Amino acid sequence: MQNNPTFNHQADIVNSAIRFINAWFKQSKAITNELNDFFILPGNKIIGKDVIISRLKGIFGRSDEYVGGRYDIIDVNFELMEDGKGMGFVEGVAGYRDVIQKQSKIVSGPFKLYFALHNGGWKIVNIEFPGFSY
């Protein structure tokens, strides 16, 4: 993929971010398709995808549904490195209504999804998203 001179890395990163955000709003298991096998956190802490999936299940399990999800992508950036690797991010703002037992609260704020290019595909390696915490 990345060896193709017409391959659009920015579009690939943005599309992955959009799939992640839409899966978040639907509380969908498809969200895991966008995640890397490991996450890189501040302080060079590395955790496995299974930990992130458990965290997402816990977050989604507290709510009945998310309603009215909206987002705006404000910036996209990436850098290609040697050996077919790269780093990038997508940032913007997102918001949705979190419904719990027929009561709702608005969850909104900035987001930033960090990506790594490995084995020809961009995958999320760190998440900053309204409603998500490690």
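Which residues does Trp 24 touch, not counting residues up to four places away in sequence? In this predicted model, the list runs to Ile 31, Leu 56, Ile 59, Phe 60, Tyr 66, Tyr 96, Phe 129, Pro 130, Gly 131 and Phe 132. Trp 24 is a good place to begin, as it is among the residues with the most contacts inside the largest nonpolar core. From there, the tour goes on to a salt bridge, a buried asparagine and a surface patch.

**The nonpolar core**
- The largest nonpolar core holds 32 residues, and Phe 20, Trp 24, Ile 127 and Phe 129 have the most contacts inside it.
- Two or more residues of this core come from each of these elements: helix 1 (9-26), strand 1, helix 2 (49-61), strand 3 (65-80), strand 4 (86-100), strand 5 (103-118) and strand 6.
- Helix 1 gives the largest share of the core, with eight residues.
- One of the contacts of Trp 24 is Phe 129, which is itself listed with Trp 24 for having the most contacts inside the core.

**The salt bridge**
- Searching the whole structure turns up one salt bridge.
- Its partners are the side chains of Glu 34 and Arg 19, which meet at 2.9 Å, N to O.
- Arg 19 belongs to helix 1 and Glu 34 to the loop between helix 1 and strand 1, so the pair ties together parts that are 15 residues apart in sequence.
- Glu 34 counts as buried because its relative accessibility is 7%, below the 20% cut-off.
- Arg 19, in contrast, is at 42% relative accessibility and counts as partly exposed.

**Asn 126 and its neighbours**
- Asn 126 sits in strand 6 (residues 121-128) and is buried, with 9% relative accessible area.
- Its side chain makes a polar contact of 2.7 Å with the side chain of Tyr 134.
- Leaving aside residues up to four places away in sequence, Asn 126 touches Phe 39, Ile 40, Leu 41, Pro 42, Lys 112, Leu 113, Tyr 114 and Tyr 134.

**A nonpolar patch on the surface**
- Phe 38, Ile 40 and Ile 46 make up a nonpolar surface patch, and together they have about 260 Å² of accessible area.
- Ile 40 is part of strand 1 (residues 38-41), and its relative accessibility of 31% makes it partly exposed.
- Ile 40 also links two topics of this briefing: it is a member of the surface patch and one of the residues that the buried Asn 126 touches.

Notes:
Residues numbered from 1 in each chain as written. Predicted model: local features only at pLDDT ≥ 70, side-chain atom pairs only at ≥ 80, totals over all residues. Heavy atoms only, no water. Patch = residues over 30% accessible without salt bridge, like charges linked within 9 Å, V, L, I, M, F, W, Y side chains within 5 Å. Areas by Shrake-Rupley, 256 points an atom, 1.4 Å probe, with all protein chains shown as cover. Salt bridge = Lys/Arg side-chain N within 4 Å of Asp/Glu carboxyl O. Helix = DSSP H or I, 4+ residues; strand = E, 2+ residues; numbered from the N terminus. Buried < 20%, exposed > 50% of the residue type's maximum accessible area, 1.4 Å probe, protein only. Polar contact = N/O pair within 3.5 Å; in protein donor to acceptor, adjacent residues only side chain to side chain. Contact = heavy atoms within 4.5 Å. Core = buried A, V, L, I, M, F, W, Y, C linked by side-chain atoms within 4.5 Å.
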